[in-house]
Each structure stands twice: as structure tokens, then as C-alpha cells.
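User: I am new to this structure and would like a close look at one small part of it. Could you walk me through the backbone around the helix that interests you, and say how it sits in the chain?

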Amino acid sequence: MRIIVIFGGSSGIGLASADLFIKNGDTVYSVSRSACPNEFVKSILADITDCTAVFSALNEVFSLEGRIDILINSAGFSMGAPFEFTHQNDFNHLFNVNFFGVANAIKAVIPLMKDKGGKIINISSIASLAPIPYDAFYGASKSALNSLTLALRQELKSSKILLTAVLAGGTRTNFTKNRKVYSKESAGGYSENLQKAVSKIGKIEQNGMSAESVANVIFKLSLRKNPPATVCAGVRNKFARLVLRFMPERVLEILLSKIFLGHRA
């Protein structure tokens, strides 16, 4: 039996992961602003943007269990907004959820994992490799998360703490419904293109893979002795990553503009 802590375990990929780990006999703690619906998951109410609460939650688990084997960072936030008119409070919040909150969780868990080692799985996105117009801050935050994961794999290798970023794109969850989208009045002259991009993003997500499929990828990673630095969830994302590796930047720009805005760059 392993001790699993999931930030964002009350919904989406985090909840699907919690369900799967519970079914396989692990002890699971969800750290989120709301309680996990799975009655067998132990919920700790905390906001990942609150550094003190993050440290307190992880230390609470450690004091109860004596160890933390796996940390999964699944909390996330996205918004559809034109860069020119994006409010600083909004993009600060996005980075606090998607990057700085995760960084604080990792920082807090390192001393708790050092003696026995452990795994840290960060939920990233294929958008980190192909940033989407009007969702620029989300792609940037996930790119930063990838970079952090790669750097910390080197720093923490001697402590046997292994990090992996899971690039999960196009997943059917309430993430689509919960996306903050700027109104026509707030978007200035960008409103038409903003709506096109947000609509396309939503269709890709709701026609994508299930949260349970991503959770299965996460679970399999948790069993691997030496998981890779980055993993794409799903065949489509694996193919997209392969194509993106060799695609010239100008071609990528034209392709993304056509997909999300309906015209050439």
C-alpha cells in the first residue's frame, strides 16, 4: 500500500486518478478547495495558491502516515483572453495555480521524500509544445512546468525522487466549462477571434480522451521503477508530439492559426 497525495483530486483527471489508486489498494489524500466525492479518499481542504496551506497539508499527511510515496499535481486553471487586455490579477492567478503552486508543493514534499525516495507526477499539456492563441498564459505556464520537471530530475536524482510531466491534451472534463473567458466588452477588437479559439479548444477537449484514460497513464507511471521525464497521454498526443518535433516554426504558426482562428497567419 502506497501513500498518494493528489493536488486537485476533487474533479477531472485528479479525481479519476484518485479513484484508480483507491481501487488498487493505495491510500489517497486529495488536497483541493473542495472535498473529493470518493468517500474512501481522505480530503484536506486547501488552495494550491496558498503556500502556507500547501506546506501544512503535506506535513499533515506525513505526520499521519510517516511517508509520502507519490505526489500528483493535477490542479489547473485556464482562461480565454486576448493578451493585450488580460488583467494582471488573472494571469497571476493562472501562474499561481499552474506553476508556482506546483513548485511550492514540490518544494514542500522534497524533505518528506528524501529518506525513502518517491515520485512526483506533474500534469502538463500538449499546449506546452503548441501554444494556442488566446490561451497564451496557459501554454506558457505548462512550458514552464515542463522545464521545471526536467531540471529537478537532475537536481533530485541522488535523493531518488523521480519527476515526470504528463502531457495531457484534449481531455473530457469540466475544465472546458470552468474556463474563464473574457466577455466581448473585455476583449476589445479581439472578441471574434477569441470566441473562435475558445470554441475550437472546447470541441477538441470534449471530443478528446476521458479523464480515466489519462489516470491510467498516471497509474502506470507510478509503477515504473524509472519513469521517463515526459509522457504524452493518448495516441493522438503522441503523434502530435512527434510531428511537432520536426515541424518548422513558421509551418506550426500557420497550422495553429488555421485550426483555432480559421485563417492563415
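Analyst: Happy to! This is a predicted model, so let us begin with the setting and then turn to α4. The chain exposes about 12,900 Å², and carbon and sulfur atoms supply 54% of that area. It contains 9 helices and 11 strands. Its 265 residues have a radius of gyration of 18 Å, which agrees with the value near 18 Å for a compact globule. The C-alpha trace spans about 55 × 40 × 30 Å along its principal axes, and 54% of the residues are buried.

Now to our part. The helix α4 covers residues 136-155. Ahead of it comes a loop that links it to β6 (118-124), and Tyr 134 is found in this loop. After α4, another loop leads to β7 (161-167), and here we meet Lys 160.

What is unusual to look for in the backbone? Tyr 134 has a positive phi of about 70° although it is not a glycine. Lys 160 also has a positive phi, near 60°, and is likewise a residue other than glycine.

Are these two residues buried or exposed? Tyr 134 has a relative accessible area of 14%; buried means under 20%, so Tyr 134 is buried. Lys 160 reaches 62% relative accessibility, and exposed means over 50%, so Lys 160 counts as exposed.

To put the picture together: the loop before α4 holds the buried Tyr 134, while the loop after α4 holds the exposed Lys 160.

Note on methods
Residues are numbered from 1 along each chain as its sequence is written. This is a predicted model: local features need pLDDT of at least 70, side-chain atom pairs count only at pLDDT 80 or more; totals for chains, interfaces and linings use all residues. Side-chain values use heavy atoms; hydrogens and water are left out. Helices (H or I, at least four residues) and strands (E, at least two) are DSSP runs, numbered from the N terminus. The radius of gyration is taken over C-alpha atoms; the globule rule is 2.2 Å times the number of residues to the power 0.38. Buried means under 20% relative accessible area, exposed over 50%, partly exposed in between (1.4 Å probe, protein chains only). Accessible areas come from the Shrake-Rupley method with a 1.4 Å probe; for residues, only the protein chains shown count as cover.
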